[in-house]
Amino acid sequence: MKILGIETSCDETAASVVEDGRKILSNVVATSSKMHAMTGGIIPEQAARQQLKSMVHVIKQALSEAFPKLPNLKSQISNLDAISVTAGPGLIGSLLVGVETSKTLSHIWQKPIIPINHLAGHIYANFIRKAPNSKFQIPNKDPSFPLLALVVSGGHTDLVLMKDHGKLKWLGGTRDDAAGEAFDKTARLLGLPYPGGPVISAQAEKLQNQKSRIKMSKFPRPMLDEENFDWSFSGLKTAVLREVDKLKNKEELDDEKVSRLAAEIQEAIVEVLVEKSIRAIKKYKPKSFLLSGGVAANKRLREMFRSRIKDEKLQVSFHVPPVALCTDNATYIAAAAYYNNSPVEWKDIKANPGLSIVEKAQ
Ligand code: KG4
Ligand code: ZN
């Protein structure tokens, strides 16, 4: 079964064709993130305008890459079995671009359409087994149920238990800022560009290579001692602001201190995410633990999970998508649709910016 996935929940315009939820036939992502780097964050209306411009080109490219031997659009479309689209959560203007385009295509092409929850969709990047390109180093191991999934993105931090496809139980999440948001906002305080996650991570690595001797006080680890699976990241922002102001007043905020602060920020976020998830693994004893969402691209976070699971000899298989599939793209939207194949009438699909991870998209 070949499904065309369409994803426009934030600042990406993405389309993919995935076969049987496992094999990527194409993966096209256009992003307006460079535009937002200049303003330090996403301007929703500008993101949606860019998506309107790119949407049709991205879909056409995804189809021609998926079916390189087929000469025209008509024959490529005839090879598709269904369309899947992110219905929420996300920015309303951005979601509408993907949702309305997909509805129109479903109606004209006479293909079933499957709405997908973007957050639950992220988890399915772990179900992809094959890609045409060697930059995706995909481990050859399938996740097993029951599984525990941590979804860490720019707008959400959620821990869920999944008994099967479509059967999600929410265990906890952030009370305020998401983990990705914490990276983005603290990066901005350090004068680093958007998105903050990759730059903070790169700064922290630079420091490791330089073996800096600068010591700084640790940032807080809120809620670490509480017996729940919730997080809070807004206090980190305040603590970083205070430290940055102090250094600026003394004219001491140089490159090395920025790297030191970046490393401390990364450590504070990674430690609380790992600690609480490990506790949940011990409590619920899932067969697999799945990391996903844009923040799952973080090298330190991936390493910490791997080493904690190994050191504590936890009987759980650890899964994390290749870095290129962690951040927003349409492959996991198409994969999620294969495993949760409930088409709806095209007229009934609605963009829902506030959808929670356990709600069904429709
Ligand atoms: O899942 P995603 O692409 O979009 C949303 O659904 O929000 O996640 C984007 C988030 C941003 O906050 C970005 O800073 C973060 O993922 N991110 C990272 C890394 N790469 C992207 N955070 C930490 N380390 C990274 N390497
Ligand atoms: Zn996302």
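Helices and strands here are DSSP runs, numbered from the N terminus. With that naming in hand, the pockets of this predicted model can be walked through one at a time.

The largest pocket comes in at about 1400 Å³. Its lining is made up of 49 residues, and those closest to the centre are Cys10, Asp11, Glu12, Tyr194 and Asp328. Several elements of the fold chip in: at least two lining residues come from each of β3 (23–31), α5 (118–123), α6 (179–189), α7 (196–210) and α11 (323–326). Sorted by class, this lining holds 22 polar, 18 nonpolar and nine charged residues.

Next up is the second largest pocket, with a volume of about 350 Å³. Here 20 residues form the lining, and Gly166, Asn340, Glu359, Lys360 and Ala361 are the ones closest to the centre. The elements giving two or more residues to this lining are β5 (113–117) and α5. Strand β5 provides the largest share, namely four residues. As for the classes, the count is 12 nonpolar, six polar and two charged residues.

Now for the metal. The zinc ion (ligand 2) has three protein donors listed by atom: His118 through NE2, His122 through NE2 and Asp328 through OD, all at 2.0 to 2.1 Å from the ion. Read along the chain, these donors follow the spacing H-x3-H-x205-D. That spacing brings together distant parts of the chain, since His122 belongs to helix α5 while Asp328 sits in the loop between α11 and α12 (331–339), 206 residues apart.

How buried or exposed are these two donors? His122 has a relative accessible area of 1%, so it counts as buried, given that the cut-off for buried is under 20%. Asp328, with a relative accessible area of 15%, is buried too, because that value also falls under the cut-off.

His122 and Asp328 turn up again around ligand 1. This ligand is surrounded by 19 residues, of which the closest are His122, Gly154, Asp184, Gly197 and Asp328. A polar atom in the side chain of His122 is 3.0 Å from an oxygen atom of ligand 1. For Asp328, a backbone N or O atom is what lies 3.0 Å from an oxygen atom of the ligand. Asn298 joins in with a polar side-chain atom placed 3.0 Å from a nitrogen atom of ligand 1.

Asp328 therefore ties several of these threads together: this residue is a donor of the zinc ion, is buried, and is among the residues closest to the centre of the largest pocket.

Definitions and conventions:
Residues are numbered from 1 along each chain as its sequence is written. Chains are lettered from A and ligands numbered from 1 in the order in which they are written. This is a predicted model: local features need pLDDT of at least 70, side-chain atom pairs count only at pLDDT 80 or more; totals for chains, interfaces and linings use all residues. Side-chain values use heavy atoms; hydrogens and water are left out. On a 1 Å grid over the protein atoms alone, a cavity is a set of points where a 1.4 Å probe fits but cannot get out, and a pocket is an open set with protein on both sides within 12 Å along at least five of seven lines; lining residues have an atom within 4 Å of a point. Grid points are joined across faces, edges and corners, and a volume is the space filled by probe spheres set on the points. Ala, Val, Leu, Ile, Met, Phe, Trp, Tyr, Cys and Pro count as nonpolar, Asp, Glu, Lys and Arg as charged, and the others, Gly among them, as polar. Donors are N, O and S atoms within 2.8 Å of the metal (3.2 Å for Na, K and Ca); water is not among the atoms, so sites may look incomplete. Buried means under 20% relative accessible area, exposed over 50%, partly exposed in between (1.4 Å probe, protein chains only). A residue is near a molecule or strand if one of its heavy atoms lies within 4 Å of it. A polar contact is a pair of N or O atoms within 3.5 Å; within protein, one must be able to donate a hydrogen and the other to accept it, and residues adjacent in sequence count only if both atoms are side-chain atoms.
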